[in-house]
Each structure stands twice: as structure tokens, then as C-alpha cells.
Amino acid sequence: MAIIDWDLHYDRRATAGFLAHFLHGGVADSLAEYARYAPYPVDLQMRKNPKTGAEHATLYVGLTSVLQVTRIKGDLLRLHGHKNLAGKHHAFDPAWSNPMTAKELTPRWRAVEGYLEDVIPLASAKHANKEGAVQAAVSVFSTDERVMVDREVALTFKDTSTKTRIFEEITAPYLDAVKTVAEVPGQHPTSYGGECDLLAVDARGRLLAVEIKPRNVSSIAWAGIQATIYADLFTRWLRSPRSAPADQPEVIIRDMLDQRTRLGLASPNHAPLPDEPEVVPVVAIQRDSREVFLDRLRSVHRIILDSPGCAGTNLEIYEVSMTGRLQPLAL
């Protein structure tokens with residue numbers, strides 16, 4: 001394992017050999033086809049642990065994984081199905097979870113696709129309503145205006161104490177600010193999470209930290225704070241020093257975008273990412289949410305702007321359709 005010389009990091013670039021399995025002619029190239037063309041909220045994402053180098057690819061339906069392809073012991077592959085739906089009724093062979101070479105997996109792949117043909121519609125019905133469906137739609141809606149880099153985005157921290165320290169530094173001003181927000185009924189947040197729903201690059205080369213919300217949920221009120229915290233985390237990462245040129249944050253994001261483009265999951269016409277991109281917090285709310293929920297978000301945002309130590313002056317909010325199209329809303 002490499003020596004860790006950073007407090008927080010983010011790098012989900014697949015190695016060239018692993019990525020090749022999902023490109024045209026690779027044993028698992030049909031997973032990108034499912035993500036592009038299946039009439040369900042399907043998405044394919046590459047995953048990598050920057051501490052250990054372990055990597056896998058996940059085929060999502062909404063927010064749930066229906067197939068995970070993991071690289072182990074060099075270039076051996078192992079499959080994992082949906083934790084509940086995979087089984088004797090849905091054609092997932094337990095032997096696929098044993099390590100095998102791509103050559104050994106190739107004659108089995110049609111049967112793997114048979115499992116996906118069974119399980120994708122079921123997973124869509126069970127797990128792709130509300131937030132999952134909206135998030136998947138935004139993730140695959142790739143245009144010249146905006147291209148998605150990653151979803152369910154979590155930075156990696158050097159250790160637990162470092163993570164605790166950074167989160168306390170970032171979130172403390174917001175937790176203080178919302179203690180007395182009278183405009184929002186119910187319990188107020190006592191902590192904020194660190195997993196960003198979506199990371200994107202827009203036509204201006206800005207990096208967007210996106211929080212997705214289904215319509216008419218009480219947590220819409222606090223979504224602007226959550227998105228701002230994500231943006232702060234990514235800003236810290238972008239500004240942190242790196243010794244190796246290949247580990248520069250802007251290089252990592254460009255490489256990840258290039259890999260999604262090669263998989264056919266991102267528009268090749270996206271704006272280039274500058275060396276020092278601005279990170280913008282974004283809230284995307286499912287269309288036709290009642291105005292009372294939007295007003296609560298706006299009220300919290302006004303309080304945050306007047307509170308010391310809080311950011312959010314560049315917060316943007318959008319409504320999002322089930323196709324994934326974003327339309328701006330006024331703050």
C-alpha cells in the first residue's frame with residue numbers, strides 16, 4: 001500500500017486493464033449498453049479505493065446495486081448480484097462469485113445477462129422510486145450543458161480522527177445557525193453526511209456538487225446546507241497539495257470523465273475542466289414539489305448567508321424531471 005500523504009482524497013479512476021473489460025469487445029461491455037439503453041433507471045459506475053487500489057464496477061438500478069464486478073488478485077474477476085433478488089428464481093449462479101479470468105467468464109456472460117434481464121425490472125419496481133429514479137435520471141442525462149462525473153460520491157480520509165476533525169470544522173457553523181430556525185417545523189439536523197449524490201461539470205467548467213431530493217420531503221429545507229458542505233469538502237481536496245502530477249485533483253476528474261466518455265456514458269462535447277475549477281453547491285428537486293417546501297429551503301438559505309462561518313453564496317437550485325433535465329429555480 002502506498003504511503004498516505006493526504007488528509008482527504010478522491011480517485012475512482014479504473015485501471016486500464018479493468019476498464020477494458022467494459023469497453024467494446026470486453027467481456028462485460030454489455031453493462032455499458034444496459035446503462036445507455038435499458039428503459040429503466042440504470043447506471044454503470046466505476047469504483048476504486050485510493051488507499052488499497054481495490055476496484056470494482058457497479059451496475060445500479062436507482063440507488064441499488066444489481067451487479068458488481070470486482071477485480072481481485074491481479075486480473076481475476078468475481079461477480080456479486082443483488083443481495084435480495086439474486087437467487088434460484090433469478091438465475092444468479094453462486095459460482096459466478098468465485099474468482100475467474102475474463103476468458104473463463106466469457107462463456108458464462110450470456111447467462112449473466114439473463115440474470116440482469118430478470119432482475120432489472122424487479123429492482124426498478126422495488127428500489128427505483130422517488131430519489132433513486134431521479135438520481136439515476138440526472139446521472140445519465142448528459143448534454144453539452146452538463147456532464148455527470150460520478151454518483152454517490154464520498155471522499156476518502158487519511159483516518160477516522162482526520163475525518164472527524166474536518167467534518168467538525170466544516171459543519172459546526174451550520175449546526176449552530178439552524179438551532180433556532182423557526183420557519184422549519186420538526187426536528188432540526190444534528191449532523192450532516194459526507195456522501196454527495198452527484199458530481200458534475202457544467203458548460204462553464206465548474207464542478208457541481210449536487211444534492212438530489214424527491215418532491216415534497218421535509219429534508220428539502222436542509223438540502224442547501226448539505227450541498228454546500230459537499231462543495232466545501234471538494235474545495236479542500238482541490239486545494240490540497242499533491243506530489244505526483246497524476247494525483248492532481250483536476251487530472252483525476254479529467255481522467256474519470258474520459259473513462260465515462262469512452263464507455264459511452266458521457267457526452268464527448270463537455271467543457272474542459274480548468275486547473276482550478278470553482279466548486280458550486282447545487283440542489284436538484286424533483287419537479288412539482290409544493291411551494292411550502294421550497295420556501296423552507298429559501299428561508300434556511302437566507303439564515304445561513306447571515307451566519308458567521310457559513311458559505312453558500314453560490315448555491316444554485318433546480319427542479320429536475322424524470323428525464324434528468326434540470327431547470328433553474330429562483331432562490
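**Exercise 1. The second largest cavity**

Which residues line the second largest cavity? Work on the predicted model above, and state where the lining comes from and what its character is.

*Solution.*

Step 1. The lining is made up of Y174, A221, G224, I225, T228, L297, V300, H301, I304, A311, G312 and L315.

Step 2. Two elements, α7 (223-239) and α9 (291-305), give two or more residues each to this lining. The largest share, four residues, is that of α9.

Step 3. Sorted by character, the lining has eight nonpolar residues, four polar ones and no charged ones.

Step 4. The volume of the second largest cavity is about 60 Å³.

**Exercise 2. The largest cavity**

State how many cavities of 30 Å³ or more the structure holds, then describe the lining of the largest one.

*Solution.*

Step 1. There are two cavities of 30 Å³ or more. The largest has a volume of about 80 Å³.

Step 2. Its lining consists of R12, L44, Q45, M46, R47, V149, D150, M256, Q259, R260 and L263.

Step 3. Assign the lining to elements. At least two residues come from each of β2 (42-48), β6 (146-154) and α8 (249-262). Of these, β2 supplies the largest share, with four residues.

Step 4. By character, the lining of the largest cavity divides into five nonpolar, two polar and four charged residues.

**Exercise 3. Geometry and surroundings of α6**

Compare the end-to-end distance of α6 with the expected span, locate the bend in α6, and list the buried residues of α6 with what covers them.

*Solution.*

Step 1. Helix α6 runs over residues 160-177, which is 18 residues. At 1.5 Å a residue the expected span is 26 Å, and the end C-alpha atoms are 26 Å apart, so the two values agree.

Step 2. At T171, α6 bends by about 45°. A proline, P173, follows within four residues of T171.

Step 3. The buried residues of α6 are T162, I166, F167, I170, T171, P173, Y174 and A177. Their cover includes β1 (8-9), β7 (156-157), α7 and α9. One of these buried residues, Y174, is also in the lining of the second largest cavity.

**Exercise 4. Two residues of α6**

Is I166 buried or exposed? Give its contacts, and then classify K163 by accessibility.

*Solution.*

Step 1. I166 sits in helix α6. Its relative accessibility is 2%, and because buried means under 20%, I166 counts as buried.

Step 2. Apart from neighbours within four places in sequence, I166 is in contact with D7, L8, F157, L233 and R236. For R236, which is 70 residues away along the chain, the C-alpha separation from I166 is 9.7 Å.

Step 3. K163 is also in helix α6. With a relative accessibility of 40%, K163 counts as partly exposed.

Step 4. K163 and D7 are 156 residues apart along the chain, and their C-alpha atoms are separated by 8.0 Å. D7 is also among the contacts of I166.

**Exercise 5. Helix α7**

How many of the residues of α7 are buried? Check the span of α7 as well.

*Solution.*

Step 1. Of the 17 residues of α7, 14 are buried, so the rest of the structure largely encloses this helix.

Step 2. At 1.5 Å a residue, α7 should span 24 Å; the end C-alpha atoms are 24 Å apart, which agrees.

**Exercise 6. Positive phi**

Find the place and accessibility of E152 and of D288, and give the phi of each.

*Solution.*

Step 1. The rule to hold against both values is that most residues other than glycine have a negative phi.

Step 2. E152 has a phi near 50°, a positive value in a residue other than glycine. E152 is in strand β6 and counts as buried at 15% relative accessibility.

Step 3. D288 has a phi near 70°, again positive in a residue other than glycine. D288 lies in the loop between β10 (279-286) and α9, and counts as exposed at 55% relative accessibility.

**Exercise 7. A loop histidine**

Where is H21 placed, and which residues does H21 touch?

*Solution.*

Step 1. H21 is in the loop between α1 (16-20) and α2 (30-37).

Step 2. Its relative accessible area is 9%, so H21 is buried.

Step 3. Not counting residues up to four places away in sequence, H21 touches G26, V27, A28, D29, D75, L77 and A102.

Conventions
Residues numbered from 1 in each chain as written. Predicted model: local features only at pLDDT ≥ 70, side-chain atom pairs only at ≥ 80, totals over all residues. Heavy atoms only, no water. 1 Å grid on protein atoms, 1.4 Å probe; cavity = no way out; pocket = protein on both sides within 12 Å on 5 of 7 lines; lining within 4 Å. Points joined across faces, edges and corners; volume = space filled by probe spheres on them. Nonpolar A, V, L, I, M, F, W, Y, C, P; charged D, E, K, R; others polar. Expected span 1.5 Å × (residues − 1). Bend = angle between axes of the 7 residues up to and from the residue. Buried < 20%, exposed > 50% of the residue type's maximum accessible area, 1.4 Å probe, protein only. Contact = heavy atoms within 4.5 Å.
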